[in-house]
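Please read the points below with the model open beside you. They are set out so that each can be checked against the coordinates in turn.

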Amino acid sequence: MGKQLQVTDQLYRYLLDFSFRDDALLQELRAETARMPNGVMQIAPEQGQFMALLAQIAGVRKALEIGTFTGYSSLSVARALPAGGRLICCDVSKEFTDVARRYWAKAGVADKIDLRLGPALDTLAGMQKAEAGTFDMAFIDADKNNYPHYYEAVLALLRPGGVLLIDNVLWGGDVADPKENDQETTTLRALNAKVKTDERVDFCLLPIADGLTIIRKR
């Protein structure tokens with residue numbers, strides 16, 4: 001086994017300095033979100049950039065997001081979509097997504113984004129008949145106990161060759177600790193095991209932020 005790099009605070013600052021292109025709008029959104037009680041739910045800056053780059057590499061035109069919060073991931077992806085691209089966002093919170101709407105408008109990408117408020121499983125179920133197999137990319141970052149259900153619903157909506165990103169799959173390291181057996185941890189642990197043996201997909205689990213699984217539908 002190769003050497004395992006330990007990401008210290010010093011090294012993380014270096015990573016942001018040399019692998020991340022920031023701008024005033026992203027800084028503003030991160031700062032506003034950080035002041036909120038649930039601010040820790042926002043994805044890491046380098047993760048947003050990684051998702052945008054992946055969308056560009058994959059030529060994504062139609063994308064799906066489960067869990068939008070204040071809009072950092074959706075802003076990153078929507079900016080990477082070409083003219084005419086479309087991102088459907090699913091969330092239950094008007095309060096948080098109102099923040100997202102403001103930043104989408106500031107970035108000039110609001111016309112690319114279709115926000116659907118309500119339980120995501122209901123939204124996904126309503127899309128299956130007309131939009132199955134039509135999405136190029138999807139991102140799951142919502143309530144962890146429903147991850148297995150989101151996984152199946154989203155996989156059906158992706159086209160062959162489409163990309164699925166699943167956030168928080170390392171869960172602060174708890175998935176690797178046999179002493180941690182709360183429902184969220186055991187759900188994520190079971191999903192990681194399922195993806196590993198799922199012959200419908202190719203995948204890679206990366207230690208980006210809180211763990212990010214990248215899946216390609218076969």
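The points that follow take up the nonpolar cores, the two pockets and two backbone positions.

1. As a preliminary caution, please keep in mind throughout that this is a predicted model.

2. The largest nonpolar core comprises 36 residues, and within this core the members that touch the most others are Met51, Leu75, Leu87, Trp104, Ile113, Met137 and Leu165. Ile113 may serve as an example of how such a member is placed: once its neighbours within four places in sequence are set aside, Ile113 is in contact with Ser74, Ala78, Leu87, Cys89 and Trp104. Another core, of 28 residues, lies apart from the largest one, and Tyr150, Leu158, Val175 and Ile215 are among its members.

3. The largest pocket holds about 620 Å³ of space, and its lining is made up of 32 residues, with Met41, Phe69, Asp141, Ala142 and Lys144 lying nearest the centre. Two elements, helix 4 (72-80) and strand 2 (86-91), give two or more residues to this lining. When the lining of the largest pocket is sorted by class, 15 residues are nonpolar, ten are polar and seven are charged.

4. For the second largest pocket the volume is about 480 Å³, and 15 residues line this pocket, those closest to its centre being Leu15, Glu46, Pro207, Ile208 and Ala209. Helix 1 (9-19) and helix 3 (45-57) each contribute at least two lining residues, and helix 3 has the largest share, with four. By class, the lining of the second largest pocket consists of ten nonpolar residues, four polar residues and one charged residue.

5. Phe69, already named for its place by the centre of the largest pocket, deserves a look at its backbone as well, since the residue is not a glycine and yet has a positive phi, near 55°. Phe69 sits in the loop that runs between strand 1 (62-66) and helix 4. Is Phe69 buried or exposed? Its relative accessibility is 9%, and Phe69 therefore counts as buried, the cut-off for that class being under 20%.

6. A positive phi is also found at Asn168, where the value is about 65° although the residue is not a glycine. Asn168 belongs to the loop between strand 5 (158-167) and helix 8 (183-197). Because the relative accessible area of Asn168 is 13%, this residue is buried. I would ask that both backbone positions be inspected in the displayed model.

How values were computed
Residues numbered from 1 in each chain as written. Predicted model: local features only at pLDDT ≥ 70, side-chain atom pairs only at ≥ 80, totals over all residues. Heavy atoms only, no water. Core = buried A, V, L, I, M, F, W, Y, C linked by side-chain atoms within 4.5 Å. Buried < 20%, exposed > 50% of the residue type's maximum accessible area, 1.4 Å probe, protein only. Contact = heavy atoms within 4.5 Å. 1 Å grid on protein atoms, 1.4 Å probe; cavity = no way out; pocket = protein on both sides within 12 Å on 5 of 7 lines; lining within 4 Å. Points joined across faces, edges and corners; volume = space filled by probe spheres on them. Nonpolar A, V, L, I, M, F, W, Y, C, P; charged D, E, K, R; others polar.
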